[in-house]
Amino acid sequence: MKKIISVLLTVVMLLSVTSAVPVFAEPIDIDKDDTVVVTASNYKYDPYTGKFTGADITVKRGETQLIKDTDYEVWENLERSSLGQTDYSIGVKGIGSYTGIINQDMPSVRDMKNGTAGSTSKWSVNDGFLVVSGKGAMSDKVSFEQYIKKAYFKGVSSVPSKLIEFDYDYGDTAFAPDIKEVTLTGSVKTVNDYAFYQTSIEKLDIQSGVKTIGQGAFGMSGKVKSVYIPKSVTKIGAKSIGYYWGYGGDDYISQRKIKNFVVCGVKGSAAQKYAKKNKFKFVAFKPVSIKKLSKGKKAFKASWKKVSGVNGYQIQYSTNEYFKDAKTVKVNSSKATSKAVKKLKSKKTYYVRMRTVKKSGKKTYYSSWSAAKSVKTK
């Protein structure tokens with residue numbers, strides 16, 4: 001009998017040494033045990049699901065790593081701010097041989113800087129510059145918390161209603177009124193109703209190829225005095241261009257007409273009809289397109305067909321296909337049909353586009369930018 005008892009005691013001692021929790025010991029309170037450490041890494045916020053993804057949570061007691069759903073359970077909590085960051089915290093509750101709860105704040109994380117905008121389109125943000133590209137209709141909104149100054153659309157065929165919506169109660173997309181420049185290349189065929197709802201755009205470039213502009217499509221700043229609407233646009237909704245969002249009684253938001261606003265375009269186009277209906281001044285002149293780009297040694301030469309009834313041209317070029325940080329060259333002669341741009345980098349690809357310049361009285365107006373072409377210098 002004594003021999004049996006001795007063997008049992010030996011087994012108990014061995015189990016006590018090899019187990020993280022001593023046999024017959026009281027459950028360990030992880031909140032009161034200073035050796036318990038909780039960490040989380042590799043996590044990021046997904047604005048489309050409103051959840052964190054890829055979080056690796058580790059709970060250790062000294063050198064022993066505890067096992068999830070055996071030794072502890074975990075929950076996550078997040079709070080979104082209007083400044084483009086999300087506060088993230090986790091809670092760990094001991095189970096089995098452990099008790100107690102640890103609530104721990106993690107370092108704040110920034111929202112994702114890229115994402116999908118439909119099955120075949122995507123968006124990305126870099127230093128306040130939003131690029132939406134791809135193919136087909138843009139079926140999803142850009143719902144994330146990043147301040148945007150410029151937006152460039154290339155490839156996508158449509159812009160959805162309330163693309164970037166401002167939330168007055170929660171500030172989920174509080175950057176919306178800060179968007180200052182919007183470029184719509186010719187791939188965009190449709191801009192839906194209120195696409196840029198409650199924005200305050202200062203520069204709007206609608207390039208040839210766009211066909212339909214919905215009602216209230218662009219919220220504009222009072223600083224905008226003119227917009228060129230290309231001939232390709234055949235449908236223009238009410239109060240879509242030349243109006244800004246203002247407050248009325250009881251903070252009611254409504255669209256208001258920009259004083260002395262001018263619509264530019266081609267005679268007989270939908271642009272002229274829109275100007276007449278809304279009692280805007282209309283200035284008629286034609287755009288320009290690049291006929292040819294010729295490469296040179298640290299230079300390129302742009303050629304085009306002369307446009308009558310204008311006062312000159314502008315050539316814009318950039319090493320970025322979305323014309324971020326672009327440079328502009330003035331051509332003051334309306335009779336010019338070519339221009340060499342020099343002092344560039346060798347063996348570098350440049351993207352080039354043009355527009356016409358029209359003067360009327362003391363005012364200067366610009367057409368939309370032409371479709372871009374590329375050239376590689378020698």
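**Strands, pockets and cores, term by term**

User: Which residue stands opposite Y350 in β35?

Analyst: Y350 stands opposite V375 of β35. The model is predicted, with local features requiring pLDDT of at least 70 and side-chain atom pairs pLDDT 80 or more, while totals for chains, interfaces and linings take every residue. Numbering starts from 1 along each chain as its sequence is written, and side-chain values use heavy atoms, without hydrogens or water.

User: What makes β33 and β35 a pair?

Analyst: Strands (DSSP E runs of at least two residues; helices are H or I runs of at least four) are numbered from the N terminus. Two of them pair when DSSP finds at least two bridges. Four antiparallel bridges link β33 to β35 (residues 373-376), so the criterion is met. β33 also pairs with β30 in the antiparallel sense, over seven bridges, where Y313 has T356 of β33 as its bridge partner. Four bridges join β33 to β34, again antiparallel, with K359 partnered by T364 in β34. In the hairpin of β33 and β34, two residues lie between the strands, and G361 has a positive phi near 65°.

User: Why is T183 called buried?

Analyst: Buried means under 20% relative accessible area, exposed over 50%, and partly exposed in between (1.4 Å probe, protein chains only). T183 has 13% and therefore counts as buried. T183 belongs to strand β16 (residues 181-184). Beyond its neighbours within four places in sequence, T183 is in contact (heavy atoms within 4.5 Å) with A151, Y152, F153, D205, Q207 and R353.

User: Why is Y194 buried or partly exposed?

Analyst: Y194 has a relative accessible area of 22%, which means that Y194 is partly exposed. Y194 sits in the loop between β17 (190-191) and β18 (196-201). The C-alpha atoms of Y194 and L163 are 8.1 Å apart, although 31 residues separate them along the chain. Contacts of Y194 outside its four-place neighbourhood include L163, Q215, W245 and Q255.

User: What makes a set of residues the largest nonpolar core, and which have the most contacts inside it?

Analyst: A nonpolar core joins buried Ala, Val, Leu, Ile, Met, Phe, Trp, Tyr and Cys residues through side-chain atoms within 4.5 Å. The largest has 41 residues, and F153, L184, F196, I206, F218 and I241 have the most contacts inside it. Its largest share, four residues, comes from α2. Another core, apart from this one, has 27 residues, among them Y228, V266, A302 and Y365. F153 is in contact with V132, M138, V159 and L163, among others outside its four-place neighbourhood.

User: What lines the largest pocket?

Analyst: A pocket is an open set of points on a 1 Å grid over the protein atoms alone, where a 1.4 Å probe fits, with protein on both sides within 12 Å along at least five of seven lines; lining residues have an atom within 4 Å of a point. The largest pocket has 37 lining residues, and E202, K203, L204, R355 and Y366 lie nearest its centre. Elements giving two or more residues to that lining include β16, β19 (203-206), β30 (312-318) and β33 (349-360).

User: Which residues line the second largest pocket?

Analyst: Its lining includes S208, P230, P287, K305, K306, S368 and W369.

User: How do you know which face of β2 is covered?

Analyst: In β2 (residues 36-41), V36, V38 and A40 form the covered face, whereas V37, T39 and S41 form the uncovered one. Side chains in a regular strand alternate between the two faces of the sheet. β2 runs antiparallel to β5 (residues 56-61), joined by six bridges, and V36 has R61 as its bridge partner there.
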